[in-house]
Amino acid sequence: MSTFLRLPVNPDEGFPQSFRLVFGNRSYVFGLAVHIAEEVLPDATTPEGLAAAVTLPAPGAYLVMTVIRDDVTGGTVLLRRKVIPGLVYRAGELALVVRSARIAIGNLHGAGAYRSEVVAGVAG
């Protein structure tokens with residue numbers, strides 16, 4: 001069983017977001033995009049306001065992870081897919097897992113501290 005290093009996802013920066021990570025002497029760019037259909041968006045007029053959230057995946061709502069390995073060609077896409085929490089995905093030499101994803105509507109294309117959380121990890 002692999003030990004996963006937690007990915008430095010910062011939900012307060014909003015979604016979509018991407019970050020560069022050096023892992024095993026190679027550089028990767030991780031991207032996270034959230035898609036939530038308008039009809040399943042939480043009501044922003046409730047007392048929670050922009051902190052109203054959706055736990056992913058849900059009908060009409062999902063998280064897409066992209067992993068690109070930096071190389072001399074400019075980058076090789078290793079993974080681009082909807083992810084399901086708890087499943088381990090192979091992306092070239094990497095193993096990836098998303099443990100949980102809870103996205104507040106304030107973090108959809110917006111930055112701020114709305115208590116969104118994405119817990120994801122990488123292993124070699």
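**Strands and core**

Trainee: In which strand is Gln-17 found?

Mentor: This is a predicted model, with residues numbered from 1 along each chain as its sequence is written. Local features need pLDDT of at least 70 and side-chain atom pairs count only at pLDDT 80 or more, while totals for chains, interfaces and linings use all residues; side-chain values use heavy atoms, without hydrogens and water. Strands are DSSP runs of E with at least two residues, numbered from the N terminus. Gln-17 is found in strand 2.

Trainee: Is Gln-17 buried or exposed?

Mentor: Buried means under 20% relative accessible area, and exposed over 50% (1.4 Å probe, protein chains only). Gln-17 has a relative accessible area of 8%, so Gln-17 is buried.

Trainee: Which residue's backbone oxygen lies 3.1 Å from a polar atom of the Gln-17 side chain?

Mentor: Contact means heavy atoms within 4.5 Å. Beyond four places in sequence, Gln-17 touches Val-9, Asn-10, Pro-11, Phe-30, Gly-31 and Leu-32. The backbone oxygen 3.1 Å from the side chain's polar atom belongs to Gly-14.

Trainee: In what order do the four strands of the open sheet lie?

Mentor: Two strands pair if DSSP finds at least two bridges between them. The pairing in this sheet is antiparallel, and strand 2 and strand 6 are the edge strands, each pairing on one side only. The order is 2-3-5-6.

Trainee: Which residue in strand 6 stands opposite Leu-63?

Mentor: Strand 5 and strand 6 pair in the antiparallel sense over seven bridges. Leaving aside neighbours within four places in sequence, Leu-63 is in contact with residues including Leu-32, Leu-56, Val-98 and Val-118. The residue opposite Leu-63 is Val-83.

Trainee: How many residues has the largest nonpolar core?

Mentor: A nonpolar core is a set of buried Ala, Val, Leu, Ile, Met, Phe, Trp, Tyr and Cys residues joined through side-chain atoms within 4.5 Å. Those with the most contacts inside the largest core are Leu-7, Phe-30, Leu-63, Met-65 and Val-67. Strands that each supply at least two of its residues include strand 3 (26-36) and strand 5 (61-69). The number of residues in this core is 30.

Trainee: Which residues of strand 7 point to one face and are buried?

Mentor: In a regular strand the side chains alternate between the two faces of the sheet. Along strand 7, Val-88 and Arg-90 point to one face and are not buried. The buried residues, which point to the other face, are Tyr-89 and Ala-91.

Trainee: What is the bridge partner of Val-88 in strand 8?

Mentor: Strand 7 and strand 8 run antiparallel and are joined by four bridges. They form a hairpin with two residues between them, and Gly-92 in the turn has a positive phi of about 60°. The partner of Val-88 is Val-97.

Notes: A polar contact is a pair of N or O atoms within 3.5 Å; within protein, one must be able to donate a hydrogen and the other to accept it, and residues adjacent in sequence count only if both atoms are side-chain atoms.
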